[in-house]
Amino acid sequence: MMMLTKKMIEIRGLLQTVGQSDSLTLPSIVVIGSQSSGKSSVLEAIVGHEFLPKGHNMVTRRPIELTLVNTPDAHAEYGEFPALGLGKLTDFSQIQRTLTDLNLAVPASDCVSDDPIQLRIHSPNVPDLSLIDLPGYIQVVGRDQPPELKERISQLCEKYIRAPNVILAISAADVDLANSTALRASRKVDPRGERTIGVITKMDLVEPERAVSLLNDKKYALRLGYVGVVCRVPAGAGGGKLFHRGSGNIQNAIAKNESAYFSSHVEFAPEEHVEVGTRNLKKKLMHVLEQTMAASLKTTSEAIQRELAEATYEFKVQYNERPLSAESYLAESLDSFKHSFRGFTESFGRREVRELLKHELDQQVLNLLAQRYWNRPFDDLSPPFPETDPLSSLAKADPEGEDSIWKIKLDSSSAALTKLGVGRLATSVVASALQRNIEFLIANSRFSAHPFARQAITEASTAILKDLSYDISDELEICIKPYKYRIDLEDSEWAKGRENVTAVLKEELKVAEAASKRLEELMGGRKKVKDVMSFIDRVRGGQVVLEGDGVGGAGGFSQALLSKGREAVFLRDRVDIIKLRILAVKSKQCASRKNKYHCPEVFLDAVADKLTTTADLFLDAELLSKFYYQLPRELDARLGRGLSQDEIDRFAREDPKIKRHLDVVRRKDLLEHVLKEMEGLRQLEAREKRAVSRR
Ligand code: GDP
């Protein structure tokens, strides 16, 4: 018969993982009793070890779902907390400490929690049993305890002692049974005493005749009867002072002590038909639990079938019966990400790198031109530079003179461009473009709903790029080194530069004009801008003398308006200069590279183009191809092989939609599995019944 209980307890455990539905469980034995009634001692006598939290004022705050698993062939005894993943604990004092910690973790203000602690104990010395230890009833609330504690404990116990659970009501022999809180609570929910086992502890503390009369109590007669026990651990046996807590097995010591007591009093002799002793209690518990569980098999089976029908329906309607597991979801997501990454690698090659770099260098060229050619060394408040027409200065320059200012200017500008750290700049521009694209791919992938994966991919890509960039930027710098000393241009390169820089200047002109327009709107219209600008021009021309430094406004204009006005003047001048320079570049003078000193825009553009060509070739070969090769492999390592089952589950469940889908699949699978087990169980039960009737 024992096989049956074991199986049923296993199924009970499985059902616990399906969910906390009242009808979806098999009954258990619920242990209640007031504080100090000897409840812990009884449980420890059954287990054979001290393992429950004790000590001054230690109130159990959470139910303990204690599953005892009989392992006849194993010597080792151990406990495990399935929810904590601490592994097998062979030291029972560690179990005791863990339980104490779990109890203390419930805030005192909450009093008690109805979230049970699961504890499984495997041992050859325990019967197969499923017990639930509840907080002991308290009579008087301690000074440092919340006043509602008493009520909360009663409520918690009430919830657990409902049918079909079996109630193990613990009362001490030295307290009047009429005052037993456990029996009173049990009587409320089981008035006819059909599913309550009475345990009278501390039998040794009263006269044997009185003890016997307790076991024969008629006031609250129990169909399952009363059992008397003496569960005190004798001094020196495990719990005694000579041993440290929880070390050895105390079963034999208790049994010896108990049987010595009962056999020394004739009142407890077998012919008196009173039930005494822990050993008998254990037998009774096993028998009652098996009967009760077996009796619930049918209703529980039906409840499971109902739940399964619901889950199957949901699976069909909501998910079109699409199978899903955390692993398959991850694998598919990773594949589809790698697929989109491959698509990206095909669309982002040397040409795209070139565009990026050229654009970056165009900006650098514009900056250099602005600093070295187009600038006018005055500010708003100083006299204006007399020469404002670059075309006229260009005409006057002597291009043949060796030390011509224009030659020096162009050489130094070109050197500034080649020495600005193109290696580092180009590498980092391309690396950040790659990183931006990866972020874009993530945002448009399934991984967007998964912070964990998002981070893993971002980190993988940053790490690879960082690693590659370090060497690549140095090597690239070496590749462009020759240009730092000498730059020879072909006619075709000159022509190309001329064409390109015209486009760049036109674009820049558009930008400056658009900025002017925006500023105009901000300042309140063209007329206003004109007024402010003409005032600033007059200050610059010396026609108007500012008092002080103009802080606080001047000429009837506020400080804010003046500063916007200065911006407007700057932009107007920039627009003027760019227009002039476009004319210059387009002019015949700039058609030939011989006039390079007077056409710095064209020359610098051609240099930028040479640098770009070297860099794009190098970066395509070194950065892109290596990154494209390494990233998918790194992703496999970080999101594929490298993840544990737990991590995969956690990952998949980050997406609430997937979590719901997985839950339905899991629930359905579990229920199907449990149902099959139940079916097997019922066959086993029928076989055993037939065997018994044949005997
Ligand atoms: P709980 O608060 O209900 O869990 O009670 P405990 O199991 O901690 O027991 C309370 C006290 O009663 C402890 O000091 C035990 O040693 C003692 N005790 C428990 N069972 C017996 C027993 O059968 N006989 C005697 N004399 N003392 C017992």
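Arg232 reaches the ligand through its side chain: one of its polar atoms lies 3.2 Å from a nitrogen atom of the ligand. The protein covers 74% of the 570 Å² of accessible area that the ligand has on its own. Please keep in mind that this is a predicted model. Below you will find the ligand's surroundings, and then strand S4 and the sheet it belongs to.

**Around the ligand**

- The ligand is surrounded by 14 residues, and the closest are Ser36, Lys39, Ser40, Ser41 and Cys231.
- Sorted by class, this shell has seven polar residues, four charged ones and three nonpolar ones.
- Ser36, one of the closest residues, uses its backbone here: a polar backbone atom of Ser36 is 2.7 Å from an oxygen atom of the ligand.
- Gly38 also offers its backbone, with an N or O atom 2.9 Å from an oxygen atom of the ligand.
- For Arg232, by contrast, the contact comes from a polar side-chain atom, and the ligand atom involved is a nitrogen.

**Strand S4 and its two partners**

- Strand S4 spans residues 117–123 and is mostly covered, with five of its seven residues buried.
- One partner is strand S2 (residues 64–70), which pairs with S4 in the parallel sense over seven bridges.
- Within that pairing, Ile64 has Ile117 of S4 as its bridge partner, while Thr67 is matched with Arg120.
- The other partner is strand S3 (residues 78–80), and here the pairing with S4 is antiparallel, over three bridges.
- Glu80 stands opposite Arg120 in S4, so if you are following Arg120 in the viewer, look for both Glu80 and Thr67.**The sheet as a whole**

- Eight strands form an open sheet with mixed pairing, in the order S3-S4-S2-S5-S1-S6-S7-S8.
- The edges are taken by S3 and by strand S8 (226–228), each of which pairs on one side only.
- From one strand to the next, the twist averages 25°.
- In a regular strand, side chains alternate between the two faces of the sheet.
- S4 sits between S3 and S2 in the strand order, with an antiparallel pairing to S3 and a parallel pairing to S2.

Note on methods. Residues numbered from 1 in each chain as written. Predicted model: local features only at pLDDT ≥ 70, side-chain atom pairs only at ≥ 80, totals over all residues. Heavy atoms only, no water. Near = heavy atom within 4 Å. Polar contact = N/O pair within 3.5 Å; in protein donor to acceptor, adjacent residues only side chain to side chain. Areas by Shrake-Rupley, 256 points an atom, 1.4 Å probe, with all protein chains shown as cover. Nonpolar A, V, L, I, M, F, W, Y, C, P; charged D, E, K, R; others polar. Buried < 20%, exposed > 50% of the residue type's maximum accessible area, 1.4 Å probe, protein only. Helix = DSSP H or I, 4+ residues; strand = E, 2+ residues; numbered from the N terminus. Pairing = 2+ DSSP bridges. Axes fitted to C-alpha atoms, helices over the stretch in contact; angles between N-to-C directions.
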